[in-house]
Amino acid sequence: MVNSDLQVAPQVAVPIIEVSHVSTRFGEAVVHEDVSLTILRGEIFAIAGGNGCGKSTLMREIVGLQEPTSGSTRLFGVDSQLLRDGQPQENHRRFGVMFQQGALFSSLTLAENVAVPLKEHTQLSPEMIHDIVALKIALVGLPSESATKYPNELSGGMRRRAALARAIVMDPELLFLDEPTAGLDPIMAAGFDELVMQLKALLGLTVVMVTHDLDSLWRISDRVAVLGHGKVLGIGTMQELSRSNDPLIREYFHGPRGRAAESQHKEGTWNPESTTL
């Protein structure tokens with residue numbers, strides 16, 4: 001007999017990234033001043049803000065590519081300082097990074113670019129690597145014949161998808177996207193956003209996205225952190241941030257492009273006019 005008095009414990013959101021009191025300085029230039037935020041497992045979390053506010057720098061600090069001046073970042077509960085020292089190795093395999101403009105190796109074909117993490121971090125046979133690479137190329141919506149092409153033979157949108165295939169080739173839990181739609185036309189940017197949503201659902205990803213694309217922020221983000229003047233000006237959903245009284249946030253979200261993006265989101269329409277700041 002089932003005890004009807006038993007209560008199911010509520011699900012608790014699990015932090016996957018913790019940034020605590022991070023400050024970053026380059027000489028006299030202050031990039032971050034006491035930045036703190038938490039990113040939860042399973043969400044699409046965007047880091048937004050104007051040019052030069054330290055969005056990409058913060059991402060590099062989280063993944064261990066750069067050390068903050070003070071404060072700490074933790075990834076999967078492990079201090080990112082250990083990642084900078086190359087330990088623990090298993091944590092490196094749990095996340096993938098898509099850098100700005102794709103950062104593909106120009107001397108390698110698309111397939112060879114996607115295969116790089118597998119060759120560096122696994123002992124898989126060439127046949128198995130070939131099969132996995134082909135699967136990931138197909139998964140991001142690229143035709144099989146593109147595998148033998150070099151980056152300079154691909155369109156901007158195809159290069160982004162190739163970089164995304166490389167970022168997910170190790171089946172990560174966490175995916176970092178650094179300005180993924182910058183420079184893409186509105187149709188390609190919308191298609192890339194849709195692909196990110198599909199991969200999140202299919203692979204169970206947590207996604208951290210650095211962007212200033214207002215359309216992307218409205219379309220796919222669960223929460224957004226807005227950086228400015230070295231600080232976190234606000235964190236919340238786009239609906240919450242659009243109601244903020246902070247003057248910098250209002251300037252960011254309530255300019256002509258911000259109003260257009262919000263209007264299209266609320267009306268459920270899409271107009272192929274760029275609303276990228």
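A polar contact is a pair of N or O atoms within 3.5 Å, of which, within protein, one must be able to donate a hydrogen and the other to accept it. The views below show a predicted model.

**View 1. The surroundings of Ser216 in helix H8.** Ser216 belongs to H8, which spans residues 214-220, and Ser216 is buried, with a relative accessible area of 1%. Its side chain makes a polar contact with the side chain of Asp193, at 2.8 Å. Leaving aside residues up to four places away in sequence, Ser216 touches Thr181, Asp193, Met209 and Ser221, so that Asp193 appears both as a polar partner and among the residues in contact, around a residue that counts as buried because its relative accessible area of 1% is under 20%.

**View 2. The open sheet of six strands, in the order S6-S7-S8-S3-S9-S10.** The pairing in this sheet is mixed, and its edges are formed by strand S6 (95-98) and strand S10 (231-236), each of which pairs on one side only. Neighbouring strands are turned by 15° against each other on average, with direction ignored. Within the sheet, strand S3 (residues 44-49) and strand S9 (residues 223-228) pair in the parallel sense over five bridges, and Ala46 stands opposite Val224 of S9. Helix H7 (residues 186-203) lies across S3, S6, strand S7 (174-178) and strand S8 (206-210), and runs at about 145° to S3.

**View 3. Edge strand S6 and its partner S7.** S6 and S7 run parallel and are joined by four bridges, with Gly96 placed opposite Leu175 in S7. Although S6 pairs on one side only, both of its faces are covered, since Phe95 and Val97 on one side and Gly96 and Met98 on the other are all buried. In a regular strand the side chains alternate between the two faces of the sheet.

**View 4. Two residues with positive phi, Asp171 and Glu179.** Most residues other than glycine have a negative phi. Asp171, which is not a glycine, nevertheless has a positive phi of about 55°, and Asp171 is found in the loop between helix H6 (156-167) and S7. Glu179, also not a glycine, has a positive phi near 50°, and its place is in the loop between S7 and H7. As for burial, Asp171 is exposed, with a relative accessible area of 53%, whereas Glu179 is buried, with a relative accessible area of 7%.

**View 5. The loop residue Cys53, between S3 and helix H1.** Cys53 is buried, with a relative accessible area of 10%. Apart from residues up to four places away in sequence, Cys53 touches Val31, His32, Ala48 and Leu227. The C-alpha atom of Cys53 is separated by 6.4 Å from that of Gly230, a residue 177 places away along the chain.

**View 6. Helix H1 on the open sheet of four strands.** This sheet has the order S2-S1-S4-S5, with antiparallel pairing, and its edge strands are strand S2 (29-40) and strand S5 (78-79), each of which pairs on one side only. H1 packs on the sheet by touching strand S1 (15-26), S2 and S4, and the direction of H1 makes about 120° with that of S1. Strand S4 (residues 70-75) and S5 pair in the antiparallel sense over two bridges, in which Leu75 has Val78 of S5 as its bridge partner. H1 itself is mostly covered, with seven of its eight residues buried, namely Lys55, Ser56, Thr57, Leu58, Met59, Glu61 and Ile62. Just after H1, Gly64 takes a positive phi of about 90°.

**View 7. The largest nonpolar core, with 44 residues, and a second, separate core.** In the largest core, the residues with the most contacts inside it are Val140, Leu164, Leu177, Leu217, Val224 and Phe253. H6 contributes the largest share of this core, five residues. The second core has 25 residues, including Val35, Phe76, Val210 and Leu227. Two of the residues named here also appear in the earlier views: Val224 stands opposite Ala46, and Leu227 is touched by Cys53.

Notes: Residues numbered from 1 in each chain as written. Predicted model: local features only at pLDDT ≥ 70, side-chain atom pairs only at ≥ 80, totals over all residues. Heavy atoms only, no water. Pairing = 2+ DSSP bridges. Axes fitted to C-alpha atoms, helices over the stretch in contact; angles between N-to-C directions. Contact = heavy atoms within 4.5 Å. Buried < 20%, exposed > 50% of the residue type's maximum accessible area, 1.4 Å probe, protein only. Core = buried A, V, L, I, M, F, W, Y, C linked by side-chain atoms within 4.5 Å.
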